[in-house]
Amino acid sequence: MFSIENDQLSVSIAATGAELKSLYNKNAGLEYMWDADPAFWAKTSPVLFPIVGSLKDDRFYFADKSYKLSRHGFARELEFAVNDQTDSSITFTLTSNDATLKKFPFSFVFDIIYSITDDQLQVTYKVTNTGDGSMFFSVGGHPAFKVPLIPGSEYPDHYLEFNTTENAGRWPISKEGLIETASVPLLTNTRLLPLTKELFYTDAIVFKELESTIVSLLSNRSPHGLQFDFSGFPYLGIWAAKNADFVCIEPWCGIADPVTSNQQLTDKEGINTLSANDVFERSWKVKVF
């Protein structure tokens with residue numbers, strides 16, 4: 001386990017998956033990350049790369065070849081190297097190899113940079129295409145935050161507040177983990193999404209058309225919460241395991257296949273294209289209080 005800290009925050013990250021494990025607010029004396037209870041979900045903040053969500057039949061086609069890749073890709077299960085570390089920042093690196101090339105036929109360097117300033121953690125995904133041709137990929141985050149945040153409060157005491165009034169539907173997920181062809185109403189002329197465990201009984205809430213770039217996790221019974229900035233990420237997922245005491249706020253540059261997918265990687269909705277030797281970079285930020 002690796003740690004960075006300043007006067008206000010202490011952050012711990014595991015080398016496996018470069019997974020964020022702890023975000024502790026020293027001033028409030030509060031831990032904000034889910035404890036990865038295996039009875040519900042044994043992860044805390046997996047990184048989604050080189051795909052987000054599920055592929056149709058767990059398979060894609062590229063250059064007339066077939067590749068099998070499980071949900072959310074392989075990065076979350078692999079060991080990252082630590083490239084650089086200071087008191088307040090750390091860089092984890094995953095480099096393509098023979099094993100990854102069998103599942104995903106592109107050469108890459110994938111850096112994840114964690115840095116803290118005052119009461120804010122920034123997580124940066126940096127993808128470098130080290131191959132000769134264009135690279136097609138997705139990347140995203142899956143951090144799980146404790147709900148309730150403080151003893152004595154309940155899950156329904158909490159809500160999400162967007163920074164812009166929203167009119168956005170929820171895109172349902174099929175039993176196979178694919179995105180259905182039409183959205184269903186969820187947010188209508190509102191900034192608020194009250195949290196209930198029943199919200200997630202049919203899998204994640206998937207948004208495609210949000211106007212907001214910031215969502216806050218707040219409570220009716222406590223001044224404590226967090227502000228999550230997902231600027232630059234066109235998709236947002238909100239999820240919790242059934243009846244678990246957490247909520248995931250998931251910024252995505254990419255999305256699961258639709259049920260109508262032709263499985264061609266270059267046609268995939270939300271796919272990112274990166275030319276040889278180019279760099280793709282996105283960051284999300286969370287401020288805790």
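At 48% relative accessibility, E77 counts as partly exposed, because its value falls in the range between under 20%, which is buried, and over 50%, which is exposed. The model in which this residue is seen is a predicted one. R76 is buried, its relative accessible area being 19%. These two residues form a salt bridge, in which the closest N and O atoms are 3.9 Å apart. That separation satisfies the salt-bridge criterion because the limit is 4 Å. The pair belongs to a network of salt bridges that links K43, R76 and E77.

In total, the structure holds ten salt bridges. One of them joins the side chains of E269 and K208, at 3.1 Å from N to O. This pair links distant parts of the chain, 61 residues apart: E269 is in the loop between β21 (246–253) and β22 (272–274), whereas K208 is in the loop between β17 (205–207) and β18. E269 has a relative accessibility of 26% and therefore counts as partly exposed. K208 also takes part in a second kind of contact, for it lies over the face of W171, at 3.8 Å from the ring centre. A further lysine, K242, lies over the face of Y201, in this case at 5.0 Å from the ring centre.

Another salt bridge is formed by K268 and D257, with the closest N and O atoms 2.7 Å apart. Both residues lie in the loop between β21 and β22, so the pair ties together parts that are eleven residues apart in sequence. K268 counts as buried, at 7% relative accessibility, and D257 is buried as well, with a relative accessible area of 3%.

The discussion now turns to the strands. Nine of them form an open sheet with antiparallel pairing, in the order β8-β9-β10-β11-β23-β19-β18-β15-β16. At the edges stand β8 (81–85) and β16 (184–194); each has a single partner strand, so one side of each is left without a neighbour in the sheet. On average, neighbouring strands of this sheet are turned by 20° against each other, direction ignored. Within the sheet, strand β18 (residues 214–219) and strand β19 (residues 226–229) pair in the antiparallel sense over four bridges. L217 stands opposite L226 in β19.

Aromatic contacts are also present, and the structure holds 26 aromatic pairs. Among them is the pair of F92 and Y114, which is edge-to-face, with 6.1 Å from centre to centre and 90° between the planes. F92 lies in strand β9 (residues 89–95) and Y114 in strand β10 (residues 108–117), so this pair ties together parts that are 22 residues apart in sequence. Both F92 and Y114 are buried.

A further open sheet consists of four strands in the order β1-β2-β3-β4, again with antiparallel pairing. Its edges are formed by β1 (2–5) and β4 (30–31), each with a single partner strand, so one side of each is left without a neighbour in the sheet. Strand β2 (residues 9–14) and strand β3 (residues 19–25) pair in the antiparallel sense over six bridges. V11 stands opposite L23 in β3.

Conventions
Residues are numbered from 1 along each chain as its sequence is written. This is a predicted model: local features need pLDDT of at least 70, side-chain atom pairs count only at pLDDT 80 or more; totals for chains, interfaces and linings use all residues. Side-chain values use heavy atoms; hydrogens and water are left out. Rings of Phe, Tyr and Trp (its six-membered ring) pair if their centres lie within 6.5 Å; planes under 30 degrees apart count as stacked, over 60 as edge-to-face and the rest as tilted. Helices (H or I, at least four residues) and strands (E, at least two) are DSSP runs, numbered from the N terminus. Buried means under 20% relative accessible area, exposed over 50%, partly exposed in between (1.4 Å probe, protein chains only). A charge sits over a ring if NZ of Lys or CZ of Arg is within 6 Å of the ring centre and within 35 degrees of the ring normal. Two strands pair if DSSP finds at least two bridges between them. Axes are lines fitted to C-alpha atoms, for helices over the stretch in contact, and angles run from 0 to 180 degrees between N-to-C directions.
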